[in-house]
Amino acid sequence: VHEGGVRVCMDRDQKIVFFTPRGRALRAAPPRLPKRRALERRGARMTPGAGTPRWKRDSHIPWEVEAKAWEALDSG
């Protein structure tokens, strides 16, 4: 859900509430992401560290990644 900008919170009654990127509460959970097998068929490598960046400090971030991030922020 976080990849799509959806926030997950808990209300006073300890129930889970989903919010759209614009802050509207969703009545139901957002659609699930494709299952692992479907992702692997598309070429994704599903390893334990697949989603973990390989750098530990900002100075280790490759310039290409930083440039894409700035580009995405500028276009928004």
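## Report on a predicted three-stranded sheet and its pocket

At 53% relative accessibility, Lys-15 is classed as exposed, because exposure is assigned to residues over 50%. This residue belongs to a model that is predicted. Lys-15 is situated in the loop that runs between strand 1 and strand 2. With neighbours within four places in sequence set aside, Lys-15 is in contact with Cys-9 and Met-10.

Met-10, one of these two partners, is part of strand 1. A relative accessible area of 48% makes Met-10 partly exposed. Apart from neighbours within four places in sequence, the contacts of Met-10 are Lys-15 and Ile-16.

**The chain as a whole**

The secondary structure of the protein chain consists of two helices and three strands. Along the sequence, these elements follow the pattern β-β-β-α-α. The protein chain has 76 residues, of which 9% count as buried. About 7600 Å² of the protein chain is exposed, and 53% of that area is supplied by carbon and sulfur atoms. If contacts between residues at least 6 apart in sequence are considered, 7% of them join residues at least 24 apart.

**The sheet**

The three strands form an open sheet in the order 1-2-3, and their pairing is antiparallel. Strand 1 (7-10) and strand 3 (25-26) are the edge strands, each of which pairs on one side only. In general, the strands of a sheet pair through backbone hydrogen bonds, in either a parallel or an antiparallel manner.

Strand 2 comprises residues 16-19 and runs antiparallel to strand 1, to which it is joined by four bridges. Within this pairing, Cys-9 has Val-17 of strand 2 as its bridge partner. Val-8 is likewise matched with a residue of strand 2, its bridge partner being Phe-18. The pairing of strand 2 with strand 3 is also antiparallel and rests on two bridges. Here Phe-19 stands opposite Ala-25, which belongs to strand 3.

**The two hairpins**

Strand 1 and strand 2 form a hairpin in which five residues lie between the strands. Gln-14 is located in the loop of this hairpin, between strand 1 and strand 2. The phi angle of Gln-14 is near 65 degrees, which is a positive value in a residue other than glycine. Gln-14 is exposed, and its relative accessible area is 57%.

The hairpin of strand 2 and strand 3 also has five residues between its strands, and Gly-23 there takes a positive phi near 95 degrees. Thr-20 is found in the loop between strand 2 and strand 3. Is Thr-20 buried or exposed? Thr-20 is buried, because its relative accessible area is 19% and the class of buried residues covers values under 20%. Beyond its neighbours within four places in sequence, Thr-20 is in contact with Gly-5 and Leu-26.

The table sets out the accessibility of the residues discussed above.

| Residue | Relative accessible area | Class |
|---|---|---|
| Thr-20 | 19% | buried |
| Met-10 | 48% | partly exposed |
| Lys-15 | 53% | exposed |
| Gln-14 | 57% | exposed |

**The largest pocket**

Rolling a probe the size of a water molecule over the atoms shows where empty space is left. In this model, the largest pocket holds about 170 Å³ of space. Which residues line the largest pocket? The lining is made up of Arg-45, Thr-47, Gly-49, Ala-50, Gly-51, Thr-52, Pro-53, Arg-54 and Trp-55. By class, the lining residues of the largest pocket comprise three nonpolar, four polar and two charged.

How values were computed. Residues are numbered from 1 along each chain as its sequence is written. This is a predicted model: local features need pLDDT of at least 70, side-chain atom pairs count only at pLDDT 80 or more; totals for chains, interfaces and linings use all residues. Side-chain values use heavy atoms; hydrogens and water are left out. On a 1 Å grid over the protein atoms alone, a cavity is a set of points where a 1.4 Å probe fits but cannot get out, and a pocket is an open set with protein on both sides within 12 Å along at least five of seven lines; lining residues have an atom within 4 Å of a point. Grid points are joined across faces, edges and corners, and a volume is the space filled by probe spheres set on the points. Ala, Val, Leu, Ile, Met, Phe, Trp, Tyr, Cys and Pro count as nonpolar, Asp, Glu, Lys and Arg as charged, and the others, Gly among them, as polar. Two strands pair if DSSP finds at least two bridges between them. Buried means under 20% relative accessible area, exposed over 50%, partly exposed in between (1.4 Å probe, protein chains only). Contact means heavy atoms within 4.5 Å. Accessible areas come from the Shrake-Rupley method with a 1.4 Å probe; for residues, only the protein chains shown count as cover.
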